[in-house]
Structure formats: C-alpha cells, structure tokens
Amino acid sequence: MNESVNTVVDSTRVDAQEVNAQATATQSTVIASSDDALDVVIAAVQAADDRKGAEIRVVKVTAVSYLADYFIVVSGFSPVQVKAIARGIEEAVLEKCGRPVLRQEGLSEGRWVLQDYGDIVVHVFMPQEREYYNLEAFWGHGETIPLKHLLAPHFGAKNLTEASRSEEHTSEL
C-alpha cells in the first residue's frame, strides 16, 4: 500500500511540474505575442507616416475589447493616397515582421481600407468617412499611445521633437 501511495505522490509532483512548465511557456508566448503586436504597430505607423498619412492614432484596446489589442487609425486625402498608405502598411508589416494581412476590405474603393492582422486592426480613411464613423470616440475608453513613442526609432531626435509638437498641436484642436 505504501508503494502505491508513493507512486501517486510522485505522479502528482510530475503533473504539477508539467503544469508549471506549461504555464511558464504560455506566459512567454503571451509576452512574445505582445511584443510582436507592438512591432507590427510600429511598422504600420512608420509606413503610414512614410506615405504622408495624417492624424495617425494608435489606441490600445486590450483591456476593453477581445477583437484586437490595437487599433490604428490614419487619414489619407484622396483614394489614391488611402490605397498607397494601405499598401505601404501591408508591405512594411510583411517585410519587417513577417506578418501577412489576414483580411483586407475597401482597397478597390480607397475611401476606407480595413486591414486585419488578428491582434491589430488598421483603418485608413478619407477624412469624410473618418469623421462619419468616428472610431476614436467609439474606442475612446482605450489607451491612446503617443506617436512619439512609436516614431522615435524611425525619426531620430530632431524629428521626434517635430512629431511631438505636431501631436500636441493636434490634441489642442
């Protein structure tokens, strides 16, 4: 009888060790996934900025939505520019992060392009559509990420100051 009790206790220890190892591996995966998401956000924001996207906003919605971790909202001033911004984001995210867009809508019209990367959703709007749908207000309870934190590696000190000034000016409006 003692032998079977020891076997059960030893088996329980092994099971507990396996559970702890799995939990640690899962936690590492979640952290890596979060870092990966931020890399995608940075690549997308930089690509939008390179294509002269305007009023770029990043909203972290992890705490308020199960749909995604981040929403990125960008304006373009013509259908051609909206398409160029969307294509630039798609190319940059694929090249820098190895992440293809999972689903994309609206590219042929160029008035509102939605790109779904799973944990990141990108919206590239014409100003009229952006104002009408007002996603920033809808997701306003999410955390807005300042662009200076995302564009700093892209620009350098001089442009970071300009980006910061532009961001402060936009928030005053």
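In this predicted model, Ile72 touches residues from several parts of the chain. Leaving aside neighbours within four places in sequence, Ile72 is in contact with Val41, Ala44, Val45, Arg57, Val58, Ile120, Val121, Val122 and His123. Ile72 also belongs to the largest nonpolar core, which has 32 residues. Those with the most contacts inside this core are Val41, Val45, Val58, Ile72, Ile89 and Ile120. Several elements feed the core. Helix H1 (2-50), strand S1 (54-60), S2, H2, S5 and helix H5 (147-155) each supply at least two residues. H1 gives the most, with eight residues. Another core, of six residues, lies apart from the 32-residue one. Among its members are Val59, Phe71, Val121 and Trp139.

Phe71 and Trp139 also meet as aromatic rings. A pair of aromatic rings is described by the distance of the centres and the angle of the planes. The chain has five aromatic pairs by the rule applied here. In one of them, the ring centres of Phe71 and Trp139 lie 4.9 Å apart. Their planes stand at 85°, so this pair is edge-to-face; an angle over 60 degrees is needed for that label. The pair links distant parts of the chain, with the two positions 68 residues apart in numbering. Phe71 sits in strand S2 (residues 70-75). Trp139 sits in the loop between helix H4 (135-138) and strand S6 (143-145). Phe71 is buried, and Trp139 is buried too. Elsewhere, ring pairs join Trp112, Phe125, Tyr132 and Tyr133 into a cluster.

The overall layout can now be set out. The chain holds six helices and six strands. From the N terminus, the elements run α-β-β-α-β-β-β-α-α-β-α-α. Of the 173 residues, 35% count as buried. The accessible surface comes to about 10,500 Å². Carbon and sulfur atoms account for 54% of that surface. Among contacts with a separation of 6 or more, 59% are between residues 24 or more positions apart.

The six strands form an open sheet in the order S3-S4-S5-S2-S1-S6. Its pairing is mixed. Strands of a sheet pair through backbone hydrogen bonds, either parallel or antiparallel. Strand S3 (103-105) and S6 stand at the edges. Each has a single partner strand, so one side of each is left without a neighbour in the sheet. Neighbouring strands are turned by 20° against each other on average, direction ignored.

Individual pairings add detail to this order. At one edge, S3 and strand S4 (residues 112-116) run antiparallel and are joined by three bridges. Gln104 stands opposite Gln115 in S4. S1 and S2 are also antiparallel, and they pair over five bridges. Here Ala54 faces Ser75 in S2 as its opposite residue. At the other edge, S1 and S6 pair in the antiparallel sense over three bridges. Val59 stands opposite Thr144 in S6. Val59 thus appears in the sheet pairing and in the six-residue core.

A helix crosses part of this sheet. Helix H2 (residues 79-97) lies across S2, S3, S4 and strand S5 (120-125). H2 runs at about 160° to S5. Both H2 and S5 are among the elements that supply at least two residues each to the largest core.

Key. Residues numbered from 1 in each chain as written. Predicted model: local features only at pLDDT ≥ 70, side-chain atom pairs only at ≥ 80, totals over all residues. Heavy atoms only, no water. Helix = DSSP H or I, 4+ residues; strand = E, 2+ residues; numbered from the N terminus. Buried < 20%, exposed > 50% of the residue type's maximum accessible area, 1.4 Å probe, protein only. Contact = heavy atoms within 4.5 Å. Areas by Shrake-Rupley, 256 points an atom, 1.4 Å probe, with all protein chains shown as cover. Phe/Tyr/Trp six-rings, centres within 6.5 Å; stacked < 30°, edge-to-face > 60°. Pairing = 2+ DSSP bridges. Axes fitted to C-alpha atoms, helices over the stretch in contact; angles between N-to-C directions. Core = buried A, V, L, I, M, F, W, Y, C linked by side-chain atoms within 4.5 Å.
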